[in-house]
Amino acid sequence: MTKVNVYVTLRESVVDPQGIAAKEALQTLGFNEVQNVRIGKLIELELDGTAAAIEGRVTEMCEKLLINQVIEDYRFEIGEVAGQ
Amino acid sequence: MRFAVLKFPGSSCDLDMFHAVNDIVKADVECVWHTEADLSLFDAVLIPTGAAYGDYLRPGALAKSSAVISQLHEFAASGKPILGVGNGFQILVEAGLLPGAFLMNKSLKFRSGQAKLVVQNAETSFTSGYEAEQEIALPFAHAYGNYCVNAETVTQLKDNKRIVFTYKDGNEDGSTEAIAGILNEQGNVLGMMPLPERAVEAIIGGTDGLPLFQSILKNGSEQHVSQA
């Protein structure tokens, strides 16, 4: 079993209303050093197959379903084989 | 002319759509479940609003894993009309039948009410019953109404008159160019966030949605006659 973490972020050109609201909330709490907040998603996958074999498959999963390339970017990390 | 109302798990306004077409427009219409649908039996497909697959991942995203989506692509390629409203619009975008994507409303709130719209193109098979630049009011109800599309696509949409409806004043959800509804390149797939099926009877607050259904019926029926 291989574990993959897919990190989904909003494209830089896309305004993130949640991030703006979170930034303002942090500043209200006194964290005035906060200049910018962007909120994304973490998708954890557990897959059969070796790390080398799954890279292309995960790319395909991201582009077919997991992310929308109009508004989102992604990167993923292939983790250690989970001990069963 | 036969209409299908295409249902996914989580579609919740299919009966509003059925009622509008069956009882008010008085056309032949059937609600069909996505796994059992044979779209070749129909002349027009209506995708109602709701929250298909619970809006998980992104609104409309999981619906594109349904087998009916390849049928929808064929249906669109054949030139027959497809209308997606609210979540139906989001499904059409995620399925790649219309460009763009949806973000959460700028206010981060679910909003509902009457949207004032301008009919930007009254020469489509969906809007021939309206006047050019007519101002209409249609209900809306969405949390992800913030239509997002890049500058290059906006230019294409504008150049080909594919922006069909815009919000008149107040584009509170933040849609690019105040877009409320767009057409595909071929002109036979319309997606819109406002809900015309909720505005077909004066007794429930307006009839500005009625010309849209009547236009589809009229243009579809004329096409039938010319093909016969």
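In chain A of this predicted model, residues 24 or more positions apart account for 73% of the contacts that have a separation of 6 or more. To see which elements this chain is built from, it helps to read along the sequence, where chain A follows the pattern β-α-β-α-β, and its secondary structure comes to two helices and three strands. The radius of gyration of chain A is 16 Å, which is well over the 12 Å that the globule rule gives for 84 residues, and chain A is therefore more spread out than a compact globule. Its dimensions can also be given along the principal axes, where the C-alpha trace of chain A spans about 45 × 30 × 15 Å. Of the 84 residues in this chain, 10% count as buried, a residue being called buried if 20 or more other C-beta atoms lie within 10 Å of its own.

How confident is the predictor in chain A? The average pLDDT of chain A is 92, and 95% of its residues score at least 70. Among the elements of this chain, the highest mean pLDDT, 96, belongs to strand β2 of chain A (residues 41-47), whereas the lowest, 89, belongs to strand β3 of chain A (residues 72-81).

We can now turn to chain B and begin with its strand β1, which covers residues 2-7. Five of the six residues of β1(B) are buried, and because of this the strand is largely enclosed by the rest of the structure. Strand β1(B) pairs in the parallel sense with strand β2 of chain B (residues 28-33), and six bridges join the two. Within this pairing, B:Ala4 of the one strand is found opposite B:Glu30 in β2(B). Between β1(B) and β2(B) the chain passes through helix α1 of chain B (residues 14-25), and the β-α-β crossover made in this way is right-handed.

Strand β1(B) also pairs with strand β3 of chain B (residues 44-47), again in the parallel sense, here over three bridges. In this case B:Phe3 has B:Ala44 in β3(B) as its bridge partner.

It remains to ask how many residues of chain B are in contact with chain A. Ten residues of chain B are in contact with eight residues of chain A. On the side of chain B that touches chain A, six of the residues are nonpolar, two are polar and two are charged.

Note on methods: Residues are numbered from 1 along each chain as its sequence is written. Chains are lettered from A and ligands numbered from 1 in the order in which they are written. This is a predicted model: local features need pLDDT of at least 70, side-chain atom pairs count only at pLDDT 80 or more; totals for chains, interfaces and linings use all residues. pLDDT is the predictor's confidence in each residue, from 0 to 100. Helices (H or I, at least four residues) and strands (E, at least two) are DSSP runs, numbered from the N terminus. A residue is buried if 20 or more other C-beta atoms lie within 10 Å of its own, exposed if 12 or fewer, and partly exposed in between; C-beta atoms are placed from the backbone. Two strands pair if DSSP finds at least two bridges between them. A crossover is right-handed if, with the strands pointing away from the viewer, the path from the first strand over the helix to the second runs clockwise. Two residues are in contact if their C-beta atoms, placed from the backbone, lie within 7 Å. Ala, Val, Leu, Ile, Met, Phe, Trp, Tyr, Cys and Pro count as nonpolar, Asp, Glu, Lys and Arg as charged, and the others, Gly among them, as polar. The radius of gyration is taken over C-alpha atoms; the globule rule is 2.2 Å times the number of residues to the power 0.38.
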